[in-house]
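The following exercises are to be worked through with the sequence and the structure at hand. Each task is followed by a solution in steps.

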Amino acid sequence: MKITVASGKGGTGKTTIAVALAVSLAEAARQNNGRPTAPLFLDCDIEAPNAHLFLKPDLKERKQVGVLIPQIDETRCTHCGKCAEVCQYHAVAVLGKKTLVFPQLCHGCGSCAQNCPEGAIREVLNPLGTLEAGITPAGIRFGHGRLNVGEPMAVPVIRQLKRWIQPKPGQALIVDASPGASCSVVEAARGSDFLLLVSEPTPFGLHDLKLAAEVAREMAIPAGVVLNRYDSAAQNTRPVDQVENYCRAEKLPVLARIPFQREIAAGIAQGKTLIEIHPEFTSLFAGIAEQIALMIEPARASTPDVEGEFHRIGR
Amino acid sequence: MKVLITTAAPDIGASIDPRFGRAASFLVVDTETGEWQALDNPALHSSGGAGIQAAQIASLNGCAAVISVEFGPNAFDALHAADIKMYQFGSAGSVEETLKRFKAGQLQQVGQPTSPGHHGG
Ligand code: SF4
Ligand code: SF4
């Protein structure tokens, strides 16, 4: 089971929900003698990772990551323009008697070096960020990445984080995506069986939920919604109705409604997980995971997924 | 000398476009003969590197100067490397007026990026 938790914008409690889901799965595993294994949690919000503040992993492993960018040997370069022509990201340009590389646009695909007729291109590592990994006190395997300051290339770092730490057969994966609906979110969600969209029942929340739902639709990944900061006193008011109606019309199941409470906000500010604040939420989140598992199965049956089959054999 | 002017349409009578990399069209004008050529911007809808492509177009067409408003950091670096001078329209609203002021040396030259730029990826 691979679940990506996303939201159309920041501040909806996306990380809070992702963390609570992971903790409840770890707790279920502990009560069941470690079966299935406690989940793997990947914080792919690499521009502002914060899940470690709640899960408190012991980050022992560390890795520098980057992309290989071209370095031009000006003594060999004839300024023929071939490299600029093949680069689909316009990261290399030939301007008169100069060949210029723009590292911030380079995706490290290697096409330019492959196509240079003079062998004038050498590939050198351009560091983009750091990955860290470890185990949390609850037994959750944890990994996150941090983008170097001012570095716009998030996608390769997310891709390398997901390649560096992969779930074992039978181990659930919870991915905390960055807020928004950018290519970083798409990269984080790639390969997931389910997109859990976190939203608030407010007019802005609805707008952002629509953006996140669009990502799910484009990627053809089944999705469901957790409505956070759900004020039951505000039930049947316009914003709440609008969000609920939207979910119904779009066939997006609302898997849970997390109440709006001062003690939750205060607990989160102290670095507590939802489960620490309200231990009785364990079953609520276990229920979310169960509903997701049920929704994934039929989807998998209709689209044969080689990787999914492999995991089932491994289990 | 040839200059590249960013315009809203591929015509000498078109209004100016303030975006360098994302301009609708480029007008390459020979300031001595008045001859001009309009080019579509191939990077109008590309995801990134539009300013760099525009700089390459200026370079390939032998322009010694470009006139626009918003030069992002990549466009600035590329134009700078190609030794192409950057100018801003200022209060000039038409191509004709821009050319007149350019020839009179009245346009402001740009010494650093004038917009934060955009990044693909
Ligand atoms: S392809 Fe090679 S020789 Fe041609 S411009 Fe690029 S670096 Fe220079
Ligand atoms: S490695 Fe790929 S993206 Fe980078 S400059 Fe070369 S062709 Fe462009």
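**Exercise 1.** Determine what share of the residues in chain B is buried.

*Solution.* A residue is buried at under 20% relative accessible area, exposed at over 50% and partly exposed in between (1.4 Å probe, protein chains only). By this criterion, buried residues make up 49% of the 121 residues in chain B. The model is a predicted one, in which local features need pLDDT of at least 70 and side-chain atom pairs count only at pLDDT 80 or more, while totals for chains, interfaces and linings use all residues; side-chain values use heavy atoms, leaving out hydrogens and water. Residues are numbered from 1 along each chain as its sequence is written, and chains are lettered from A and ligands numbered from 1 in the order in which they are written.

**Exercise 2.** List the elements of chain B in order and assess how compact the chain is.

*Solution.* Helices (H or I, at least four residues) and strands (E, at least two) are DSSP runs, numbered from the N terminus. Chain B has three helices and six strands. From the N terminus on, their order is β-β-β-α-β-α-β-α-β. The radius of gyration, taken over C-alpha atoms, is compared with the globule rule, 2.2 Å times the number of residues to the power 0.38. For 121 residues the rule gives 14 Å, and the value for chain B, 13 Å, is close to this, so the chain is as compact as a globular protein of that length.

**Exercise 3.** Describe the sheet of chain B: which strands lie at its edges?

*Solution.* Two strands pair if DSSP finds at least two bridges between them. Six strands of chain B form an open sheet with mixed pairing, in the order β3-β2-β1-β4-β5-β6. The edge strands are β3 (36-40) and β6 (108-109) of chain B, each of which pairs on one side only. Strands β1 (residues 2-7) and β2 (residues 25-30) of chain B are antiparallel and share six bridges; B:T7 has B:S25 in β2(B) as its bridge partner.

**Exercise 4.** Which residues of helix α8 of chain A are buried, and where do they lie on the helix?

*Solution.* The buried residues of α8(A) are A:V240, A:V243, A:E244, A:Y246 and A:C247. Seen down the helix axis, they fall within an arc of 155° (from the directions of the axis to the C-beta atoms), so they line one face of α8(A). The face turned away from the buried side carries the exposed residues A:R238, A:R248 and A:A249.
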